[in-house]
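Student: I am new to this structure and would like a close look at one part of it. Could you take me slowly through a sheet and what surrounds it, explaining each term as you go?

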Amino acid sequence: MDDELQGAIRESFLAHLPDDAVAALVDKAVRFEVPAGSLVRGTGQRPYAFVRLVADGLLRIVRTVPDGRTITQRYLRRGEVAGIAGAFVAPTTPNTGRADALMHSVYYQFSHEIWRQTAERDARVAVALLTELGRIAELSMEHMANRALASMRQRVVGQLLDSAIYADGVDPIAPVTQQQLADGVGSAREVVARVLHALREERLVATRVGSVVLLDPERLRAELNSA
């Protein structure tokens, strides 16, 4: 196990598992680098079912409905694991999700068969996976409720805050385009452009090509709690 993978594991839920359990899960791990704007693809006969751990960058999971419309389900940063559920579903289960890289990213792909088999024989792993799946489910339901009940402005602000990258000494940056924001909130780009214009006028954000700078994150967070 290389240092990069060990570092990502320390920031993930896997850090709470014993070393022998982690070693079993990461057996045959494969490292991938993907440039910004690229679709994340797995390998094997069931590419959607692979489990991945982000080591660097920012990935976005998007769900697509039959008419082609999309909506962002969640963002994945360093230490986030996705694809756990795919290790336990039937091979014929339809997949409506995809992941893309919003910035240059590194992730590790794990065998869904190894994860399922390890969970079947090790109760510690099974409980850890169920706990993480429960956390993700609660987060997804919270986001779903926010999308259904929040105003368009609040939905856009929520997407900006969720996707923002923070670094010392600089304003947070959300590496998303207007179209990606529109996909995230399930609306049209023109609608999102109007919201961004209003946020710029209030000096809450500044827009660049392919990104949005959050000039006042605290005021933006307050937007989500306003009536």
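Tutor: Let us begin with strand S4 (residues 59–64), which pairs with S5 in the antiparallel sense over six bridges. Strands here are DSSP runs of E of at least two residues and helices are runs of H or I of at least four residues, both numbered from the N terminus, while two strands count as paired if DSSP finds at least two bridges between them. Before going further, please keep in mind that this is a predicted model, in which local features need pLDDT of at least 70 and side-chain atom pairs count only at pLDDT 80 or more, whereas totals for chains, interfaces and linings use all residues. Residues are numbered from 1 along each chain as its sequence is written, and side-chain values use heavy atoms, with hydrogens and water left out.

Within the pairing of S4 and S5, threonine 64 stands opposite threonine 70 in S5, and arginine 60 stands opposite tyrosine 75, also in S5. Arginine 60 has a bridge partner in S7 as well, namely aspartate 100. S4 and S7 run antiparallel and are joined by five bridges, and leucine 59 is found opposite alanine 101 of S7. Strand S7 (residues 97–101) is in turn joined to S2 by two bridges, again running antiparallel, with valine 40 opposite alanine 99 in S7.

Put together, these four strands form an open, antiparallel sheet in the order S2-S7-S4-S5. Strand S2 (39–40) and strand S5 (70–76) stand at its edges, and because each has a single partner strand, one side of each is left without a neighbour in the sheet. Helix H6 (residues 178–185) packs on this sheet and touches S4 and S5, its direction making about 100° with that of S5. Contact here means heavy atoms within 4.5 Å, and the angle, on a scale from 0 to 180 degrees, is taken between N-to-C directions of axes, which are lines fitted to C-alpha atoms, for helices over the stretch in contact. As a general point, the side chains of a regular strand alternate between the two faces of the sheet.

From the edge strand S5 we can move on to a pocket, since the elements that give two or more residues to the lining of the second largest pocket are S5, helix H4 (123–149), H5 and helix H8 (217–225). About 410 Å³ of space lies in this pocket, where the volume is the space filled by probe spheres set on grid points joined across faces, edges and corners. A pocket is an open set of points on a 1 Å grid over the protein atoms alone, where a 1.4 Å probe fits and protein lies on both sides within 12 Å along at least five of seven lines, and its lining residues have an atom within 4 Å of a point. The lining of the second largest pocket has 20 residues, and Asn146, Gln154, Gly158, Asp162 and Leu224 lie nearest its centre.

Aspartate 162 deserves a closer look, and its place is in helix H5. At 27% relative accessibility aspartate 162 counts as partly exposed, because buried means under 20% relative accessible area, exposed means over 50%, and partly exposed is in between (1.4 Å probe, protein chains only). Leaving aside residues up to four places away in sequence, aspartate 162 touches Tyr75, Arg77 and His143. Aspartate 162 and leucine 76 are 86 residues apart in sequence, yet their C-alpha atoms are 9.6 Å apart in space.

Helix H5 (residues 152–163) has 12 residues, of which nine are buried, so H5 is largely enclosed by the rest of the structure; among the buried ones are Gln154 and Gly158. The end C-alpha atoms of H5 are 17 Å apart, which agrees with the 16 Å that its 12 residues should span at 1.5 Å a residue, the expected span being 1.5 Å times one less than the number of residues.

Helix H4, another contributor to the pocket lining, holds leucine 130, which counts as exposed at 61% relative accessibility. Glutamate 138 is found in H4 too, and with a relative accessible area of 53% glutamate 138 is exposed.
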